[in-house]
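Please work through the exercises below with the sequence and the 3D view at hand, trying each task before reading its solution.

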Amino acid sequence: MNNNLYKKIMGNKSTSQYWGQELLRDILIKDLLGTDDHSILYWAGKKIARRFPLRDALDVSLFFKQSGLGELSIISENKYEIKWILSGEIVKARLESSANADFMFEAGILAQIAQQQMGVIAEAEMNPKEEKNNKVTIRVHMDPKSPTNDSDDIQNFDLYSN
């Protein structure tokens, strides 16, 4: 996988700038965390979202792009679920280089942001069977009957927009 990941990332001018990030994320962190990487990355994503509270879906998409996580868009939304699609060259390269590419860090971010913005309990899932055309579907499930106080006194993070 390491050689394949390196070739996929460095062999494409639009992704070569992400090699350092991928070296840490898909090699070092997985080695350090072992079999717990999936769940720890999810909770790490939630922690990051608490540090960078975002005001709306446009800010979330911009944050993902600026952070080198990929291009993010909402496919559908109702009071129970937000369905996101994560795509872009970096997502494609990660998916093509490893059948076990993990996007639970991104799922954790999206779950926590939904919880903060909607004020209800939210959890996210990513089903590998929904990965199509080098895109990843992340579903954030919300429970409108379970309010939280996550949205109280949150100061939104101000992003730079180009």
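Two exercises follow, each with a worked solution, and both concern a predicted model.

**Exercise 1.** Describe the overall make-up of the protein, and decide how its radius of gyration stands against the globule rule.

*Solution.* Begin with the secondary structure, which comes to six helices and four strands, and which follows the pattern α-α-α-α-β-β-α-α-β-β when read along the sequence. Next, take the radius of gyration, 16 Å, and set it beside the 15 Å that the globule rule gives for 162 residues; the two are close, so the protein is as compact as a globular protein of that length. The C-alpha atoms fill a box of roughly 45 × 35 × 30 Å along the principal axes. Finally, 42% of the 162 residues count as buried, and among contacts between residues at least 6 apart in sequence, 63% join residues at least 24 apart.

**Exercise 2.** Determine how helix 3 and helix 6 are oriented to each other, and which kinds of residues make up their contact.

*Solution.* First locate helix 3 at residues 37-51 and helix 6 at residues 104-118, whose axes come within 6 Å and cross at roughly 40 degrees. An angle over 35 degrees but under 65 falls outside the roughly parallel and roughly perpendicular ranges, and the two helices are therefore oblique to each other. Their crossing is right-handed. Then look at the residues that meet, among them Leu-41, Ala-44 and Ile-48 in helix 3, and Phe-105, Ala-107 and Ile-109 in helix 6. Sorted by kind, the residues of this contact divide into 11 nonpolar, six polar and two charged.

Terms used. Residues numbered from 1 in each chain as written. Predicted model: local features only at pLDDT ≥ 70, side-chain atom pairs only at ≥ 80, totals over all residues. Heavy atoms only, no water. Axes fitted to C-alpha atoms, helices over the stretch in contact; angles between N-to-C directions. Parallel < 35°, antiparallel > 145°, perpendicular 65-115°, else oblique. Left-handed = near helix turned anticlockwise from the far one by under 90°. Contact = heavy atoms within 4.5 Å. Nonpolar A, V, L, I, M, F, W, Y, C, P; charged D, E, K, R; others polar. Rg over C-alpha atoms; globule rule 2.2 N^0.38 Å. Buried < 20%, exposed > 50% of the residue type's maximum accessible area, 1.4 Å probe, protein only.
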